[in-house]
Amino acid sequence: MSRAPGLRLDALLWGVVMLGCTLLLAGQWLGGAPVDTRITTLVPDSPATPLIERAEKHQSQAFESRILLLISGPESAEKLDALKRALRDSGSIATLSSDDLTRPDAALSPYRYRLLADSLAEKDADAWRQRGLSRLFTPGVDASLKKDPFGLLDAWLEARLDGPVTVEDGKPGVTQGGTRWQLISAELAGSPYAMDVQRKLTAALGDFEAAHPELDVLRAGLVFHAAAGARQGKREVTTIGLGSLLGIVLLLMAVFRRPGVLASLLLSVASGITFALPLTWWLFGTLNLLTLAFGASLIGIAVDYALHLQCARQLHPGRSLSRLWPGLTLGLVSSLAAYLLQLATPLPGLHQMATFAALGLLGAWLTTRLWLPLLPQRTHPATWPIAARLDRLRLPRRAAPWWSGLGLVGVVAVVLMATRLTPSDDLRALNPSSPALIDQQRQVQTLLERPGGQRYLIATADDAEMLLAKLERLDQSLTPLVEQHRLGGYRHLAQSVPPQVVQDKNLARVRDLYDQAVPELLDDAGLPAALADTLTSPLKSVPYLTPSTWLDSPAGQADAALWLSGATPTAALVLLEDADPEAISALQTLAAETPGLYYHDRVAAISAQFTRLREHISRWLALALVGLAIIFMIRYRRRAWRVLLPPVGAVVVTLGVFAAAGVGITLFHLLGLLLVLGIGLDAGIFSTEHPDDPAAWLAISLSCASSLLAFGLLAFSATPALHFLGTTCLTGLAASWLLVPFSRGAPARLPSTDASATSR
Amino acid sequence: MLLIRHAALAVALTLVAAAPAAQAEDASAAELPAIELSQCARFTQEREMADLDTTLKSTGYFLRRDDALIWQTTRPVDDRVRLAADNPDLPRALKVMLPVLTGLLDGNWEALQEHFAVKRPDAERDTPDAWQARLVPLDDAVAERLERIDAAGGERVETLKIRFANADRITLRLTPADCATLAAETETP
């Protein structure tokens with residue numbers, strides 16, 4: 001084997017680059033360079049995007065650490081205390097908001113004359129007088145005749161709290177169909193993703209449920225989904241993850257029997273990641289974990305290069321490696337072409353993923369090219385017999401029936417694809433939570449009459465006052481939708497903090513009614529008429545209730561999610577409940593026609609995003625294949641089909657299988673197909689370059705088998721996205737491997753043609 | 001998300017009398033005088049309003065009907081309130097005070113001890129015919145509104161003095177009455 005000084009210099013230079021990348025990565029890591037998990041970064045920027053990001057962040061901060069529990073059954077009220085104790089003792093709960101002792105009305109007290117509930121505004125002076133008298137003579141109420149003879153604040157709070165939650169015996173809950181559900185709402189002691197919080201909480205709840213099997217316990221909150229997801233993830237990491245790792249190690253050890261070879265394979269993949277990670281991070285400023293996860297799996301193809309090199313060195317220790325480079329280079333070019341074409345799409349998320357995968361492949365390829373030949377090599381006698389035995393798996397000379405079978409499979413698959421293949425962008429299919437948990441969450445929402453708010457309007461204005469006025473004006477469009485039962489309901493801050501114009505109007509109406517009702521009230525109650533001045537004096541100067549005053553108050557903190565202050569423009573959310581399609585289109589029209597108003601449907605937005613990603617990937621992939629076909633035709637002429645058969649055939653068969661099984665194609669299936677295509681291309685190229693070389697066939701088989709173990713086993717994952725990726729790889733890689741013998745053809749029919757090819 | 005926020009708000013706002021079931025150590029239920037349930041009674045009520053330095057007197061009667069307590073003021077005004085958890089027109093504060101009020105009228109010490117420490121200021125001199133008890137809220141939320149309740153009576157509760165945190169006071173004096181007569185009065189107001 002030649003070890004030219006030039007090669008050593010290149011290897012040294014590559015070592016310097018690797019060192020630089022490692023240092024850059026360490027710097028980024030230690031310097032806390034931003035990591036991103038937002039799905040919105042996948043979409044191209046639109047005028048509303050920063051707003052939506054603010055809204056999403058705000059929402060998750062406000063809600064993600066809350067939980068709700070509903071308990072029913074015999075003596076549930078008594079057992080509730082035991083559960084509360086258990087939750088407190090577990091250390092997973094910071095506060096039990098349902099035991100909140102803060103009196104909410106104190107904060108609103110000075111502003112009450114500017115807050116007029118509709119129920120009171122509609123009544124006349126006589127009704128006000130009657131209400132005042134009733135409050136005066138009913139025992140048990142600390143009704144302040146001086147401050148609030150007509151119970152303005154009570155009426156206001158009553159209207160704000162028009163919900164199913166009632167307090168019985170000092171315990172909040174809901175009653176439905178004769179069943180009393182006790183309610184616990186709590187704030188977690190940490191992040192819902194924190195393992196110890198999840199563990200303590202689920203243990204405390206689990207123990208309680210085990211001790212009281214007669215009780216029904218319903219739970220709602222992000223932490224339960226996160227905990228279930230983490231449990232599932234952990235289980236799968238230990239079963240699927242360890243299983244595949246063990247499988248790959250065993251497979252490679254069985255073939256090569258040299259730990260050094262294994263290490264060299266790992267080295268090439270590791271340097272691919274070391275090359276790609278810091279550069280992508282640096283190029284894009286942030287690193288999106290979603291794109292990273294899929295980019296990393298695409299780098300899995302990188303192991304191909306090292307496999308081909310090591311198989312050749314093991315089986316032909318004396319032969320020059322130069323005959324390998326054309327195939328390896330073409331393999332790299334074809335994969336780079338497929339990925340880099342994604343840069344032409346307008347989707348930032350795809351750019352990052354493509355850049356990461358392309359850089360990773362390049363890094364792994366350079367390591368294979370520059371470092372691996374320099375590593376000492378010791379062959380093992382067991383490798384050759386394995387390759388020889390594998391080499392017998394070839395098409396016989398008279399292979400007509402095989403070809404007919406293949407043709408039939410191809411035709412059936414194409415027909416199925418054309419007639420039955422459907423895309424699927426339904427996010428629900430991707431929800432990793434168990435149906436039981438989703439059902440519980442839904443039951444809680446139904447009982448509390450609060451369906452999950454995935455939709456909202458974002459309103460912006462120049463200042464807070466204009467924004468409140470804008471929100472209040474929206475009532476004219478939204479109330480009819482609610483009255484027609486097209487929209488379940490909605491919430492915005494102007495309901496709690498009316499704009500100043502409305503507060504002025506309210507105060508004027510209150511003054512008017514005070515003037516009429518107070519003298520009569522005093523007269524009826526037998527109180528001195530002189531008290532009238534005392535009663536009306538608080539109305540002379542009444543401060544405005546402002547958003548900040550309300551949001552800073554204990555009761556107003558719950559509205560924090562509705563108001564996005566602290567950045568320009570001032571923005572607010574209108575949280576929307578369930579809406580029918582007509583209401584949705586009305587909301588969209590409203591947003592389109594109103595300047596500074598945006599409609600956002602979280603689920604629909606992500607679904608649409610997935611659809612766009614899926615369409616873009618398919619389109620550019622098809623284009624890349626056409627381009628590659630041209631390159632292959634230039635190099636291989638009439639043998640070009642041999643290169644294309646394993647990757648394209650595998651994709652056709654996989655899609656045919658999914659069509660036959662009625663599986664909708666999601667973005668994750670497509671990402672799996674990218675991997676299948678990459679590995680299939682390498683297989684096609686090498687089986688065409690070296691049709692009679694057992695080393696190439698061994699490397700192809702090992703590449704398919706290790707990728708099958710690494711990604712195909714994900715088919716057994718209960719997480720839908722991983723399951724889809726897995727089933728695709730399982731079917732596609734198996735098909736790809738089975739198609740290689742067709743590419744290779746019968747033995748010794750096509751002599752190796754690239755003896756003249758040199759790499760340098 | 002929306003539902004959590006809303007429920008939290010609702011709970012925060014409605015929860016004025018949520019009390020942990022800590023038992024008062026001051027007097028056990030067994031030591032407290034047995035009181036007959038007042039199905040109905042006539043009352044005189046004095047409401048002392050500290051900030052107005054005025055006392056408001058009223059008279060009337062109450063009686064039980066189904067799950068509700070009908071509170072009928074006859075003087076100085078004619079006003080009837082149906083005290084029941086399902087009455088949407090009741091002030092929220094009163095709704096949560098309702099179990100306390102009915103517990104007092106029923107002499108249901110066990111129920112009251114969930115919310116109050118029941119003390120016997122003059123236990124030695126108390127007899128079944130003449131006793132006194134002082135109820136101090138266990139729970140901060142109740143204590144924020146209510147300072148204490150003094151109850152006195154014999155076979156039945158006869159006087160209730162409710163002292164609110166804002167220094168207002170309500171004194172209720174109850175006299176037994178014939179329920180049928182009151183019921184008839186209620187039917188023909």
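## The sheet

In chain B of this predicted model, nine strands make up an open sheet with antiparallel pairing, and their order across the sheet is β4-β3-β2-β1-β9-β8-β7-β6-β5. The edges are held by β4 (79-83) and β5 (116-119) of chain B; each has a single partner strand, so one side of each lacks a neighbour in the sheet. From one strand to the next, the twist averages 20°.

As a general reminder, strands of a sheet pair through backbone hydrogen bonds, in either a parallel or an antiparallel way.

## A closer look at β2 and β3

Let's zoom in on one pair. Strand β2 (residues 54-65) and strand β3 (residues 68-75) of chain B run antiparallel and are joined by seven bridges. Within this pairing, T59(B) sits opposite R75(B) in β3(B).

Which helix packs on the sheet? Helix α5 (residues 179-187) of chain B does, and it touches β1 (40-49), β2 and β4 of chain B. The direction of helix α5 makes about 105° with that of β2(B).

## The chain as a whole

Stepping back, chain B contains five helices and nine strands. Read from the N terminus on, its elements follow the pattern α-β-β-β-β-α-α-β-β-α-β-β-β-α.

## Burial, contacts and surface

How much of chain B counts as buried? Of its 189 residues, 52% do. Looking at contacts in chain B between residues at least 6 apart in sequence, 46% link residues at least 24 apart.

As for the surface, chain B exposes about 8,300 Å², and 47% of that area is supplied by carbon and sulfur atoms.

Conventions. Residues numbered from 1 in each chain as written. Chains lettered and ligands numbered in written order. Predicted model: local features only at pLDDT ≥ 70, side-chain atom pairs only at ≥ 80, totals over all residues. Heavy atoms only, no water. Pairing = 2+ DSSP bridges. Helix = DSSP H or I, 4+ residues; strand = E, 2+ residues; numbered from the N terminus. Axes fitted to C-alpha atoms, helices over the stretch in contact; angles between N-to-C directions. Contact = heavy atoms within 4.5 Å. Buried < 20%, exposed > 50% of the residue type's maximum accessible area, 1.4 Å probe, protein only. Areas by Shrake-Rupley, 256 points an atom, 1.4 Å probe, with all protein chains shown as cover.
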